[in-house]
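Me: I'd like to learn how to read a fold like this one. Could you walk me through it, feature by feature?

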Amino acid sequence: MTKYSLYILTSIVLFTTSCKTDKKKDFEILRSKEIAAQNKVHNELLDIEKEQGWSLLFDGESLKGWHLFNKPDSTQFSAWEVKDGMIFCNATDESKVFGDLVTDKAYKNYELQFDWQMALRGNGGAFINVQETPEYKATYNTGIEYQLLEPEHMDTATPLKRPGTIWGLTPQLNTVEANPVGQWNTTRIIQKDGKIQFYLNGILTAEEEINSPTWRNKVASSKFKDAPGFGKATHGKIAFQNWYFESWFRNVKIREL
């Protein structure tokens, strides 16, 4: 074998070994990410999140801090329960008391984040600025709805009802699809002095100024035109909707601004 042939053979061996090593490293990195994702601790705050002012709205074990809208004494008999570290809406059980789950406390300026899943072809919502008084019979009489939607639901094809929209009022600012049943989505809502922003899986989907003429005109030309209390408040309670479909929530946290 000539020196040149030996050089070529050695180069091939080194190249092959290097490729195998790189593939092994890539696999190990990918596998490490998978393991980290599988073992991620939910419903807990990191130290840096605590420093930033975040607090949990769900402790992973109970519905402490939440109650049934206008029926606080019936919460324990409602469709809402804690299951496997998640807030679960058992909406298909007709023996349960029907109603939306709302926070005990009202909020004004804040950043809210939570993970959610819907059942196949599921439809639901999260509301902000909900006014809980006897004159209002439902959260949607006053609260602005962030649409939660499983992709197979027919409303996915309706611009004003797509996931992450302000339901019935604005289409998505940026096109994004919700993850299908069995996969988690992350919602982020920011409200500051009446300006609201909705995000779905990191993508901005809605942005409005509640105190602006533009917002008032949109409401006046929508199905909410005859709802005198709708979309006026810049503070209120946060709610999850019980809307005939099973839904799951976790990592519900808020940071007041």
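**Reading the loop, the sheet and a buried lysine**

Reply: Let's start with Arg121, which is found in the loop between β6 (110-118) and β7. Keep in mind that this is a predicted model.

Me: What is the phi of Arg121 near?

Reply: Phi of Arg121 is near 60°, a positive value in a residue other than glycine. As for its surroundings, Arg121 is partly exposed, with a relative accessible area of 46%.

Me: Where does Asn129 lie, and is Asn129 buried or exposed?

Reply: Asn129 lies in strand β7. Its phi is near 60° too, again positive in a residue other than glycine. Buried means under 20% relative accessible area, and Asn129 comes in at 1%, so it counts as buried.

Me: OK, on to the sheet. In what order do the strands of the open sheet run?

Reply: For a sheet, read off the strand order and then look for the edges. Here the open sheet has five strands in the order β2-β5-β12-β7-β8, with antiparallel pairing. The edge strands are β2 (66-68) and β8 (144-149), each pairing on one side only. Ignoring direction, neighbouring strands of this sheet are turned by 25° against each other on average.

Me: How many bridges do β7 and β8 pair over?

Reply: Six: strand β7 (residues 123-130) pairs with β8 in the antiparallel sense over that many bridges. To find your place on screen, look for Asn123, which stands opposite Leu149 in β8.

Me: Now a charged side chain. Why does Lys253 count as buried?

Reply: Go by the relative accessible area and the cut-off, under 20% for buried. Lys253 counts as buried because its relative accessibility is 12%. You'll find Lys253 in strand β13 (residues 247-256).

Me: Which side chain does the side chain of Lys253 join in a polar contact?

Reply: That of Glu49, through a polar contact of 2.3 Å. Leaving out residues up to four places away in sequence, Lys253 touches several others, including Leu45, Trp54, Leu56, Leu57 and Leu112, as well as Glu111 and Gln113.

Me: Let's zoom out. What does the secondary structure of the chain come to?

Reply: Three helices and 13 strands. Of the 257 residues in the chain, 45% are buried. Among contacts with a separation of 6 or more, 66% come from residues 24 or more positions apart. The chain exposes about 14100 Å², with carbon and sulfur atoms supplying 54% of it.

Technical notes. Residues numbered from 1 in each chain as written. Predicted model: local features only at pLDDT ≥ 70, side-chain atom pairs only at ≥ 80, totals over all residues. Heavy atoms only, no water. Helix = DSSP H or I, 4+ residues; strand = E, 2+ residues; numbered from the N terminus. Buried < 20%, exposed > 50% of the residue type's maximum accessible area, 1.4 Å probe, protein only. Contact = heavy atoms within 4.5 Å. Areas by Shrake-Rupley, 256 points an atom, 1.4 Å probe, with all protein chains shown as cover. Pairing = 2+ DSSP bridges. Axes fitted to C-alpha atoms, helices over the stretch in contact; angles between N-to-C directions. Polar contact = N/O pair within 3.5 Å; in protein donor to acceptor, adjacent residues only side chain to side chain.
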